[in-house]
Amino acid sequence: MKKAFLLIALSASIAAFSAFSVRAQAPTPKKQGIGSSGYTWNAQEGEKLEALKLKGDKANGEDAYEVCGACHLPSGAGRPDGIFPQLAGQHSTVLIKQMADIRAGLRDAPAMYPFAVSLTDPQELADVSAYIQSLCIPAERGQYEAADAAAQVAKGKPLYEKQCLECHGKNGEGNRAKFYPVIAGQHYKYLLRQMTEIRDGKRRNANPDMVKAIRPYTDDMLVAISAYQSSLKMPGAMCTDTAAGKKYRNSRKRF
Ligand code: HEC
Ligand code: HEC
């Protein structure tokens, strides 16, 4: 049983990397986004619209997720260096939107692109998103680690509360219905990279209201906000030591 599982896992990761090395050579599409005329944030269309209407099947989603674990890890935790984001516990709406945007060329993610392309079936998209959303958020994550960490977190708190809490929530819980991402449990370096790209107009699928809120922030301020954000914990959604709690969220299960 275990051997069969390992063989499957191994072939899945080999398939992941060969698909990556072959297909990543091809240029990924680029679609105009924020800053271009006629840009509608989160236009409801295509496989995203279909997937959002469906109820995801977690068991099927677990199978579909196997290949993703090669980069995002089987737990969904991603990597502390921030290259591969933490996904566990993210709202399914956000996951579906981001994958559709990467596939459409509205967000650049060359490593991820071949996998976003392989997920066009709305039911499969709903399934994998339901599975990822059900995972508890690992307690360990990459944080700001220099000697002035405590001061940076303290500096970031009021900056976050002033302009960002309104959408991303007190504990970084985001908003499922509004497609606002969960921030709690995310890696510091990933947060800093994304917020810088959003501020500078490089993440073309960004939300215009967020861009307005973040534009006045300097690089130093973004460091402090990222330090604060990566210290957030979402009550009930974090992994616990119990066997059930390790894999699935316990008190906040939404299925
Ligand atoms: C070869 C590595 C790799 C594989 C395999 C991979 N991804 Fe990714 N994924 C990435 C990278 C890198 C990013 C971050 C892109 C960026 O920095 O903007 C990402 C980003 C994402 C995001 C956006 C996260 C956010 O917070 O906005 C989602 C959702 C996602 N991946 C889901 C998946 C799923 C589901 C699979 C499997 C079907 C998968 N990924 C497979 C590398 C990978
Ligand atoms: C009007 C609501 C709103 C406000 C205000 C807002 N955000 Fe966002 N934020 C969003 C949405 C929506 C996204 C996802 C954008 C997309 O569709 O790709 C996002 C994405 C992000 C991401 C990337 C998350 C990921 O998983 O890739 C970070 C980091 C972030 N916001 C930080 C901030 C910070 C810092 C502030 C305050 C300066 C802020 N946001 C203010 C709505 C908001």
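Here are some exercises on this predicted model, each with a worked solution.

## Exercise 1: Getting your bearings

Work out which kinds of secondary structure the protein has, and how many of each.

**Solution.**
- Step 1: Count the elements. You get 13 helices and zero strands.
- Step 2: Read along the sequence. With that count, the pattern is just α-α-α-α-α-α-α-α-α-α-α-α-α.
- Step 3: Look at burial. The protein has 255 residues, and 40% of them count as buried.
- Step 4: Look at the contacts with a separation of 6 or more. Residues 24 or more positions apart account for 79% of these.

## Exercise 2: Helix H5, inside and out

Find out how many residues of H5 are buried, and what span is expected for this helix.

**Solution.**
- Step 1: Locate the helix. H5 runs over residues 92–104.
- Step 2: Compare the spans. H5 has 13 residues and reaches 18 Å from its first C-alpha to its last, close to the 18 Å expected at 1.5 Å a residue.
- Step 3: Check the cover. H5 is mostly covered, with 13 of its 13 residues buried.
- Step 4: Look just past the end. Gly105, right after H5, takes a positive phi of about 80°.

## Exercise 3: The largest nonpolar core

Which residues have the most contacts inside the largest nonpolar core, and which helix gives the most to it?

**Solution.**
- Step 1: Take the size and the centre of contacts together. The core has 56 residues, and Met99, Ile132 and Ile137 have the most contacts inside it.
- Step 2: List the contributors. Helices giving two or more residues include H3 (58–65), H6 (113–118) and H7 (122–134).
- Step 3: Pick out the top one. H5 gives the most, with seven residues.
- Step 4: Check the domains. The core draws at least three residues from each of domain 1 (9–30 + 44–134) and domain 2 (149–232).
- Step 5: Zoom in on Ile137. Leaving out residues up to four places away in sequence, Ile137 touches Ala88, Gly89, Ala184, Gly185, Met234, Ala237, Met238 and Cys239.

## Exercise 4: Two ligands, two shells

Describe how the residues around ligand 1 and ligand 2 divide by class.

**Solution.**
- Step 1: Start with ligand 1. It is surrounded by 21 residues, and the closest are Cys68, Cys71, Ala109, Met112 and Phe115.
- Step 2: Sort that shell. It has 19 nonpolar, two polar and no charged residues.
- Step 3: Trace where the shell around ligand 1 comes from. H1 (2–23), H4 (69–72) and H5 each supply at least two residues.
- Step 4: Move to ligand 2. Of the 22 residues around it, Cys164, Cys167, Asn207, Asp209 and Met210 come nearest.
- Step 5: Trace the shell around ligand 2. H9 (165–168), H10 and H11 (208–214) give two or more residues to it. The largest share, four residues, comes from H11.
- Step 6: Sort the shell around ligand 2. It divides into 14 nonpolar, five polar and three charged residues.

## Exercise 5: Cys164 and its surroundings

Is Cys164 buried or exposed, and which residues does it contact beyond its sequence neighbours?

**Solution.**
- Step 1: Place the residue. Cys164 is in the loop between H8 and H9.
- Step 2: Count around it. There are 22 other C-beta atoms within 10 Å of Cys164, and the cut-off for buried is 20 or more, so Cys164 is buried.
- Step 3: Find the contacts. Leaving aside neighbours within four places in sequence, Cys164 is in contact with Ala213 and Ile225.
- Step 4: Follow Ile225. It lies 61 residues from Cys164 along the chain, while their C-alpha atoms are separated by 9.4 Å.
- Step 5: See where Ile225 belongs. It is one of the buried residues of H12 (219–229), and the buried residues of H12 pack against H8 (149–163) and H10 (188–199).
- Step 6: Turn to H8. Its buried residues are Gln152, Val153, Gly156 and Tyr160, and what covers them includes H9 and H12.

## Exercise 6: Positive phi in the loops

What are the phi values of Asn42 and Phe179, and where do these residues sit?

**Solution.**
- Step 1: Asn42 has a positive phi near 60° without being a glycine. Its place is in the loop between H1 and H2 (46–53).
- Step 2: Phe179, not a glycine either, has a positive phi of about 70°. Its loop lies between H9 and H10.
- Step 3: Check exposure. Asn42 is partly exposed, with 14 other C-beta atoms within 10 Å. Phe179 is partly exposed too, with 18 such atoms within 10 Å.

Methods
Residues are numbered from 1 along each chain as its sequence is written. Chains are lettered from A and ligands numbered from 1 in the order in which they are written. This is a predicted model: local features need pLDDT of at least 70, side-chain atom pairs count only at pLDDT 80 or more; totals for chains, interfaces and linings use all residues. A residue is buried if 20 or more other C-beta atoms lie within 10 Å of its own, exposed if 12 or fewer, and partly exposed in between; C-beta atoms are placed from the backbone. Two residues are in contact if their C-beta atoms, placed from the backbone, lie within 7 Å. A residue is near a molecule or strand if its C-beta atom, placed from the backbone, lies within 6 Å of it. Ala, Val, Leu, Ile, Met, Phe, Trp, Tyr, Cys and Pro count as nonpolar, Asp, Glu, Lys and Arg as charged, and the others, Gly among them, as polar. A nonpolar core is a set of buried Ala, Val, Leu, Ile, Met, Phe, Trp, Tyr and Cys residues joined through C-beta atoms within 7 Å. Domain bounds come from an automatic or database domain assignment. The expected span of a helix is 1.5 Å times one less than its number of residues.
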